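Trainee: Hi, have you got a few minutes to go through a model with me? I'd like to take it bit by bit.
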Amino acid sequence: SLQVLHAGSSGINAEYGGVLNYFNTTNTSNLLSVSNMASYQSLGPIKEHIYKEKHTGGVTLKDVESHMWVKEFAAFLQKSGKLTVPKWTDIVKTATFKELPPKDNNWFYIRTAALLRRVYLKQGVGCGALRKIYGGRINRGAAPSHHKKASASVIRHALKGLEEMKLIAKHPDGGRMITSAGRRDADRIAFQVMSSSMSTE
């Protein structure tokens, strides 16, 4: 049911009350196949919520384990074949303090999925902040260890690839923000992760 969409939302109720009543009395399993789609098209700001009820059961990225979601979304990016992967991924290090490149051949997909999750959770995050997040401690021998930032090139190429896929976009105030398509795909993968985890219990 879509009762949750307008519970406590008087502004939405006032503008879309008649449409919401229609959906509340309609079988949501056939919601997008009804003959009269004018009501759905007029929803505007709550159209995304209706999609979420139909395709993700209301599950979002925040509802599932991060490592499970990143793994599944990385597989989604690899399967889609739309992400531009740099040619140097097999020889590059992810930071100056690393000794060797990542051992996983699919590490760029995993890093890109993790970056999209960061943008999803914090709109406006930029390359500088992400470098700090994915940085680490450099071993300076007998001297105290210091924090070093991650490679900016790796992060920029991953963000650029997500922009080309129209999953993220530049934020008006700087940094990156998630797009409606990016949120849709992220929540859809989250729903698949939760469904698979519930089926194995």
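Trainee: Let me start with Phe76: does it count as buried, partly exposed or exposed?

Mentor: Phe76 counts as partly exposed, because its relative accessibility is 22%. Here buried means under 20% relative accessible area, exposed over 50%, and partly exposed in between, with a 1.4 Å probe and protein chains only. Keep in mind that this is a predicted model, where local features need pLDDT of at least 70, side-chain atom pairs count only at pLDDT 80 or more, and totals for chains, interfaces and linings use all residues. Residues are numbered from 1 along each chain as its sequence is written, and side-chain values use heavy atoms, with hydrogens and water left out.

Trainee: Thanks! Where is Phe76 found, and which residues is it in contact with beyond its neighbours within four places in sequence?

Mentor: Phe76 sits in helix α5. Helices (H or I, at least four residues) and strands (E, at least two) are DSSP runs, numbered from the N terminus. Outside its neighbours within four places in sequence, Phe76 is in contact with Asp185, Arg188 and Ile189, contact meaning heavy atoms within 4.5 Å. Phe76 and Asp185 are 109 residues apart along the chain, with 9.3 Å between their C-alpha atoms.

Trainee: And what about Leu77, buried or exposed?

Mentor: Leu77 is buried, with a relative accessible area of 0%. This residue is also in helix α5. Not counting residues up to four places away in sequence, Leu77 touches Lys82, Leu83, Tyr109, Thr112, Ala113, Met165 and Leu167.

Trainee: Asp185 came up with Phe76. Which residues are buried in α9?

Mentor: Asp185 is one of them, along with Gly182, Ala186, Asp187, Ile189, Ala190 and Val193. Helix α9 covers residues 180-200, and its end C-alpha atoms are 30 Å apart, which agrees with the 30 Å that its 21 residues should span at 1.5 Å a residue. The expected span is 1.5 Å times one less than the number of residues.

Trainee: Let's switch to α8. What covers its buried residues?

Mentor: The cover includes α6 (107-121), α7 (127-133), β3 (168-170) and β4 (176-178). The buried residues of α8 themselves are Ala152, Val154, Ile155, Ala158, Leu159, Gly161 and Leu162.

Trainee: At what angle do α6 and α8 cross?

Mentor: Their axes cross at roughly 75° and come within 9 Å. That makes α6 roughly perpendicular to α8, a label for angles of 65 to 115 degrees; under 35 counts as roughly parallel, over 145 as roughly antiparallel and the rest as oblique. The axes are lines fitted to C-alpha atoms, for helices over the stretch in contact, and angles run from 0 to 180 degrees between N-to-C directions. Among the residues making the contact are Trp107, Phe108 and Leu115 of α6 and Val154, Ile155 and His157 of α8.

Trainee: What happens just after α8?

Mentor: Lys166 takes a positive phi of about 65° there.

Trainee: One more residue: where is Thr94, and what does it touch?

Mentor: Thr94 lies in the loop between α5 (66-80) and α6. With residues up to four places away in sequence not counted, Thr94 touches Pro102, Trp107, Arg111, Ala150 and Ser151. Its relative accessibility is 10%, so Thr94 counts as buried.

Trainee: Last one, the whole protein: how many helices and strands are there?

Mentor: The protein has nine helices and four strands. Of its 201 residues, 37% count as buried.
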